[in-house]
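Here are a few short exercises to work through with the model open beside you. Try each task before you read its solution.

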Amino acid sequence: MDDRSQSGRAPGCCSLRLRLALLLHFCNVSMMSQRACLSLTMVAMVNGTGPQGPPNASTPEPLDDARNPVYNWSPRTQGIILSSVTYGMLLTQVPVGYLSGIYPVKNMVGSALLLSSLLSLLVPLAAGVGASAVIACRVAQGLSQGTVLVAQHMVWTKWAPLSERGRLTSLSLSGLMLGPSLALCVTGLICQALGWPMVFYVFGAGGCALSLCWFLLFHDDPKGHPCISPGEKELIASSLAEQDSSAGKSVPIRAVLKSLPVWAISLGCFAFSWTNHVMFLYLPTFISSKLHVNVRENGLLSALPHLFCWLLGILAGHMSDGFLSRKMLSVLAVRKLFTALGLLLPAVFVVSLLYLGPSFHGTVSCLTLASATLGFCMAGIVINPLDIAPRYYGFLKGVTVLIRMTGGLTSSTLAGIILDQAPEAAWATIFFLMAAVNVSSLLFYLVFAAADVQAWAQEKQLTRL
């Protein structure tokens, strides 16, 4: 089938650009699996994460000490270890965003994924050395994973026709949500069958294999790819010839910093990451301390929220496109609606956890919905920068991701400190604080958000710093 006939609908099922999106999808799954597995292996790596369960609770099955070395790390130390990967990712956003426009994306993404995978293989050895070695290893992983996260956006500036950029980007980025779900499912099984060190070996080896596939299959420019069809090459070239590029033009930094819509998006992203990191990193710990299940069951229960978040994020994209194509809502109304759902509903569900009592099914349901409903933000604040400044989308994405990661770093570190100092009331404090951040950020967004191209982002605007 001629690729040209696919323009405006969906990429052809055999198109090279779709296969590259799937490759990036699996690279993101691998990267997030390497990141997520530690939140569950931590349950098996330390002496304990919570009090013993009540008499009628499921008793955690002891793990083989020979295959599962145990370390005496305090909750504060665990919090630093779990959040250390974010420290590394935080440092890469702006530099990588700049360098990805200069150096080949193929080399940046492939090398960074390979480095992250090799570091994953070293985590068990680092744990034997001490907590400091694990922290250093995870910070280095954060540097490499941050490079993959930022640089991959440049792929679609050359490979995606304008009418398909949203679909291809969402397909590749959906691996970031699917990765934790798959990792947590597999991690619990591996921990019980082979020991927690094998988790890092499996995900590290898988990442090395994917990085090799990336080097073999990806080319920075469609014109130089040996497997692309002439029709697909012409389709991409003709589409991208029409786009308005900001290459070689100064970013109006002063105007960006004064823009209330930019700050509204940034604060929304801050709240999104605050909630996501707490759920992402501490969900296995909460399940272990409150439900008292074994590590295999913990992994399966921890995977459920991420799986539903992945599904709901995809559904939110289709729903928002449906509202816009049928002209049922304006772009601004769609962005506000899905941002409100993505920030308010998680706050409601985590606070509800505190009043459920010992209900197993109620706790699992609220945990699942609290994390899953974050997926609504994919059709809200996550894509909003493209509405207000398409010419400077890459720069704005770097800024919002940087602020977003600051929220994740703050929440994950603070949660570890709270758990260490006040273990009895820790979860109430963590969840109420999460709800307060979400609601306050949402209110600011609802007041100051915009969805039209800002004056400083239009063609005639020549504002410079």
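**Exercise 1: a nonpolar patch**

In this predicted model, α13 (331-353) and α17 (426-448) each supply at least two residues of the nonpolar patch.

Task: Find which residues make the nonpolar surface patch, and which helix gives the most to the patch.

Solution: Start with the members, which are Leu344, Val348, Val439, Leu443 and Leu446. Together they make a patch of about 380 Å². Next, compare the helices: α17 gives the most, with three residues. Now take one residue of the patch, Leu443, which is found in helix α17. Leu443 counts as exposed because its relative accessibility is 52%, and the cut-off for exposed is over 50%.

**Exercise 2: cysteines**

Task: Work out how many disulfides a search of the whole structure finds, and why Cys27 has no bond to Cys213.

Solution: The search finds zero disulfides. For Cys27, the closest cysteine sulfur is in Cys213, 8.1 Å away, so the two are too far apart for a bond; a disulfide needs the sulfur atoms within 2.5 Å. Then look at accessibility: Cys27 is at 0% and therefore counts as buried, while Cys185, at 25%, counts as partly exposed.

**Exercise 3: helix α14**

Task: Check what span the 13 residues of helix α14 (residues 360-372) should have, and list the buried residues of α14.

Solution: At 1.5 Å a residue, the helix should span 18 Å. The end C-alpha atoms of α14 are 18 Å apart, so the two values agree. The buried residues of α14 are Gly362, Thr363, Val364, Cys366, Leu367, Thr368, Ala370, Ser371 and Ala372.

How values were computed. Residues are numbered from 1 along each chain as its sequence is written. This is a predicted model: local features need pLDDT of at least 70, side-chain atom pairs count only at pLDDT 80 or more; totals for chains, interfaces and linings use all residues. Side-chain values use heavy atoms; hydrogens and water are left out. Patches are made of residues with over 30% relative accessible area and no salt bridge: like charges are joined within 9 Å, nonpolar side chains (Val, Leu, Ile, Met, Phe, Trp, Tyr) within 5 Å. Accessible areas come from the Shrake-Rupley method with a 1.4 Å probe; for residues, only the protein chains shown count as cover. A salt bridge is a side-chain nitrogen of Lys or Arg within 4 Å of a carboxyl oxygen of Asp or Glu. Helices (H or I, at least four residues) and strands (E, at least two) are DSSP runs, numbered from the N terminus. Buried means under 20% relative accessible area, exposed over 50%, partly exposed in between (1.4 Å probe, protein chains only). The expected span of a helix is 1.5 Å times one less than its number of residues.
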